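Hi,

Here is the structure I promised to pass on to you. Have a look at it first, and then read my notes below.

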Amino acid sequence: MSRPVPTGLRIFAAIAIVFGLLSLVSGGRALFGGADPGDAVPFVLWFNFLTGALYVLAGAAIYSGRPWGTWLAWLLAAALVIVFAAFGLHILAGGAFEMRTVGAMTLRTAFWIALAAVLGRPGAAERPARGGGTP
């Protein structure tokens, strides 16, 4: 079941789709040839590549008003925070890294946290309102 989607939210969803496609292309090039990954951290590179498909899926779900899009946005936000923290530990341990990865992870994490916050609590739209009504 879908619900109406405000124009502003559709714009964010479209950005998520484009962002996902770009993540698939750039990650694919770095992983499978065509681009020099430099000192890219393998687990971050693979995570960003694989979640690119989830960005597209979440963006399409949000754009079309599917409630599970909210769940996926929150899952992506949480996963990004966890991987970003692991990446930070890698850096603190003296591991090699690319500064562009710091920027990309900051952008990805901020975007999905913001989008999840705008969407609200997962499942909130599906639950009936509590209190104040007649039984």
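What follows is a short tour of what turned up, from the overall layout to the helix packing, two residues and a pocket.

First, a word of caution: this is a predicted model, so please read everything below as computed from that prediction.

The overall layout is easy to hold in your head. The protein contains four helices and zero strands, so to speak of its order from the N terminus is just to say α-α-α-α. It has 135 residues, and 34% of them count as buried.

Now the packing, starting with H1 and H2. Helix H1 covers residues 7-32 and helix H2 covers residues 42-63, and their axes come within 7 Å of each other. The crossing angle is roughly 155 degrees. Angles over 145 degrees count as roughly antiparallel, and that is why H1 is described as roughly antiparallel to H2. The crossing of H1 past H2 is left-handed. If you want to know who does the touching, the residues in the contact of H1 with H2 split into 19 nonpolar, seven polar and one charged.

H2 also packs against helix H3, which spans residues 68-92. Here the angle is about 165 degrees and the axes are 9 Å apart. H2 and H3 are therefore roughly antiparallel to each other as well, and H2 passes H3 in a left-handed crossing.

Then there is H1 with H4. The axes of these two come within 11 Å and cross at roughly 150 degrees, which makes H1 roughly antiparallel to H4. Once again the crossing, H1 past H4, is left-handed.

Two aromatic side chains are good places to click on while you have the model open. The one to try in helix H4 is Trp112. Is Trp112 buried or exposed? Its relative accessibility is 0%, so Trp112 counts as buried. Trp112 and Tyr55 sit 57 residues apart along the chain, yet their C-alpha atoms are separated by 9.2 Å.

The other one is Phe49, in helix H2. Phe49 has a relative accessible area of 15%, and because buried means under 20%, Phe49 is buried too. For a neighbour in space, look at Ala30: Phe49 and Ala30 are 19 residues apart in sequence and 9.3 Å apart from C-alpha to C-alpha.

Last, the pocket. How much space lies in the largest pocket? The figure is about 390 Å³. Its lining is made up of 20 residues, and those nearest the centre are Ser26, Leu45, Arg100, Thr101 and Arg108. By class, the lining of the largest pocket has twelve nonpolar, five polar and three charged residues.

Which helices supply at least two residues each to that lining? They are H1, H2 and helix H4, the last of these running over 99-119. H1 gives the most, with six residues.

If you would like a route through the model, I would begin with the contact of H1 and H2, go on to Trp112 in H4 and Phe49 in H2, and finish at the largest pocket, around Ser26 and Leu45, among others.

Cheers

Conventions
Residues are numbered from 1 along each chain as its sequence is written. This is a predicted model: local features need pLDDT of at least 70, side-chain atom pairs count only at pLDDT 80 or more; totals for chains, interfaces and linings use all residues. Side-chain values use heavy atoms; hydrogens and water are left out. Axes are lines fitted to C-alpha atoms, for helices over the stretch in contact, and angles run from 0 to 180 degrees between N-to-C directions. Angles under 35 degrees count as roughly parallel, over 145 as roughly antiparallel, 65 to 115 as roughly perpendicular and the rest as oblique. A crossing is left-handed if the near helix is turned anticlockwise from the far one by less than a right angle, and right-handed if clockwise. Ala, Val, Leu, Ile, Met, Phe, Trp, Tyr, Cys and Pro count as nonpolar, Asp, Glu, Lys and Arg as charged, and the others, Gly among them, as polar. On a 1 Å grid over the protein atoms alone, a cavity is a set of points where a 1.4 Å probe fits but cannot get out, and a pocket is an open set with protein on both sides within 12 Å along at least five of seven lines; lining residues have an atom within 4 Å of a point. Grid points are joined across faces, edges and corners, and a volume is the space filled by probe spheres set on the points. Buried means under 20% relative accessible area, exposed over 50%, partly exposed in between (1.4 Å probe, protein chains only).
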